[in-house]
Amino acid sequence: MSNTPSPRRFCNNGPLKGRLRIPGDKSISHRALMFAALAVGTSEIRGLLEGEDVLATAAAMRAMGASIARGDDGVWRVQGVGVGGLLQPEAALDMGNSGTSTRLLMGLVASHGISACFTGDASLSRRPMGRVIEPLSQMGASVEASPGGTLPLMVRGALPAVPIAYRLPVASAQVKSAVMLAGLNTPGVTTVIEPVATRDHSERMLKGFGAELWVEEVGGERVIRIRGEADLKPQHIEVPGDPSSGAFFIVAALVVPGSDIVIENVGLNPTRAGLIAVLRQMGGSIEELNRREVGGEPVADLRVRHSALTGVEVDPAIAPSMIDEFPVLFVAAALAQGTTTTSGLDELRVKESDRLSAMAAALTGAGARVEEREDGLVITGTGGEPLRGSANNRVKTHLDHRIAMSMAMAGLASRDGIEVDDTRPIATSFPNFIALIEGTNA
Ligand code: S3P
């Protein structure tokens with residue numbers, strides 16, 4: 001990332017039209033690189049997200065011995081070192097802005113006979129790592145963190161690590177995956193219990209790589225067991241489009257009058273599809289075309305048309321399946337008829353930024369009616385009228401890609417336009433975001 005912020009104004013340039021293809025899923029891309037790097041032999045990955053977060057994972061896996069290269073054909077080829085074969089990295093692993101890279105790789109290091117220092121940018125260095133330090137310490141790893149359990153931190157792996165049964169105290173796919181990945185090189189069976197289901201890409205993909213893994217429902221909880229000292233077989237993986245990136249265009253097409261677009265290749269894994277359900281409940285026209293399977297995940301093209309939206313009370317139980325989509329849902333709520341109430345969203349305060357306070361401030365600055373509560377926002381919409389926008393105040397994005405992209409889309413549905421203070425973080429997850437806006441909103 002360059003050293004100087006890159007502000008940009010987003011204005012209403014008329015309806016969004018045409019077809020667009022969103023980049024690969026960030027969660028699946030991280031996992032594809034990590035698991036391929038742990039298989040013995042060469043894996044091929046098509047459709048990998050080439051965003052900064054995923055490139056940080058690639059660099060870290062290279063630093064621990066894997067060979068990873070992008071061919072001229074856009075296919076990534078990974079030669080793995082085998083579970084147990086990770087090498088001691090020579091320098092600190094720079095995780096940039098990526099919480100997923102950090103937490104999952106801490107899990108991997110925890111059960112290898114190596115140590116690694118993790119560093120990150122100002123946003124990542126404020127995020128809590130105690131949630132992974134706790135179970136990884138129980139497995140025998142030793143972690144020295146900065147005050148408050150933050151980066152920079154050092155993980156010293158345990159060899160052998162001890163298998164544990166761990167019930168997640170927060171609904172977090174990152175914590176679940178960190179324990180599962182530590183379990184990969186731990187003798188015996190490691191168990192993770194999820195009181196609330198979170199995204200299951202690790203489970204799906206590890207099975208595909210040949211790990212012995214069992215998932216069952218017991219008393220309303222998900223119990224995942226993984227047998228360690230696993231032998232992963234190289235795979236050919238196709239990464240579906242990221243629903244969390246598609247979300248920005250879904251909302252923009254719903255709120256900008258006259259819009260009618262098709263977003264191709266959107267991943268529709270049920271553990272990720274909460275936003276679509278809520279937007280439909282609000283009256284959004286979102287049609288699934290050509291439903292199919294890509295890389296073991298359900299996918300469809302989505303036709304989205306401008307719709308009159310109505311405010312709803314969002315059931316907190318749906319939050320884990322749309323945890324990254326709340327910032328852009330808040331934009332939809334600000335343009336709906338009536339009030340949208342959200343609750344149970346404490347986790348949003350520890351994402352790349354405090355997304356409740358960042359979105360409350362940004363939307364209020366653009367003329368929306370927002371009440372910030374401890375665990376959610378209450379937003380009273382314009383009833384379809386454009387937001388006022390802001391002629392002279394810049395949205396503070398706090399190094400958070402999803403605040404930048406959400407407010408960019410709010411700008412498309414505003415009278416005076418909206419300026420975001422820094423578009424650089426968008427490259428962490430959606431490098432061609434601005435090019436796609438220009439292509440559909442000329
Ligand atoms: C992710 C899990 C979620 C999500 C993040 C990606 C993953 O984080 O917010 O963008 O790939 O496992 P939490 O596990 O903190 O909920």
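**Notebook: Phe433 and its surroundings**

I started with phenylalanine 433 and set aside its neighbours within four places in sequence; phenylalanine 433 is then in contact with Phe248, Phe249, Met405, Ala408, Met409 and Ile426. I note here that the model is predicted.

I looked up how open this residue is. Phenylalanine 433 has a relative accessible area of 0%. Buried means under 20%, so phenylalanine 433 counts as buried.

**Cores**

Which residues have the most contacts inside the largest nonpolar core? I found Phe249, Leu279, Phe330, Leu363, Met407 and Phe433. This core has 73 residues. Its largest share comes from helix α7, residues 243–255, which gives 9 residues. Apart from this core I found another one, of 66 residues. Leu86, Val109, Leu168 and Ala211 are among its members. I wrote down the general rule beside this: in soluble globular proteins, nonpolar side chains tend to be buried together.

**Ring pairs**

I counted the aromatic pairs next, and the count comes to 6. One of them joins phenylalanine 248 and phenylalanine 433: the ring centres are 6.1 Å apart and the planes stand at 80°. Planes over 60 degrees apart count as edge-to-face, so this pair is edge-to-face.

Where in the chain do phenylalanine 248 and phenylalanine 433 sit? Phenylalanine 248 is in helix α7, and phenylalanine 433 is in helix α12, residues 433–440. The two are 185 residues apart, and the pair links distant parts of the chain. I checked phenylalanine 248 for exposure as well: its relative accessible area is 1%, so it is buried.

I then took phenylalanine 430 with phenylalanine 433. Their ring centres are 5.4 Å apart and their planes are at 65°, so this pair is edge-to-face. Both phenylalanine 430 and phenylalanine 433 are buried. I put the rings together at the end: ring pairs link Phe248, Phe249, Phe430 and Phe433 into a cluster.

**Glycine 120**

I turned to a loop residue. Glycine 120 lies in the loop between β7 (115–119) and α4 (130–138). Is glycine 120 buried, partly exposed or exposed? The relative accessible area of glycine 120 is 26%, so I entered it as partly exposed.

With its neighbours within four places in sequence left aside, glycine 120 is in contact with Asp94, Gly96, Ser125 and Leu151. I also looked up methionine 34, which is 86 residues from glycine 120 along the chain. The C-alpha atoms of glycine 120 and methionine 34 are separated by 19 Å.

Note on methods:
Residues numbered from 1 in each chain as written. Predicted model: local features only at pLDDT ≥ 70, side-chain atom pairs only at ≥ 80, totals over all residues. Heavy atoms only, no water. Core = buried A, V, L, I, M, F, W, Y, C linked by side-chain atoms within 4.5 Å. Buried < 20%, exposed > 50% of the residue type's maximum accessible area, 1.4 Å probe, protein only. Helix = DSSP H or I, 4+ residues; strand = E, 2+ residues; numbered from the N terminus. Contact = heavy atoms within 4.5 Å. Phe/Tyr/Trp six-rings, centres within 6.5 Å; stacked < 30°, edge-to-face > 60°.
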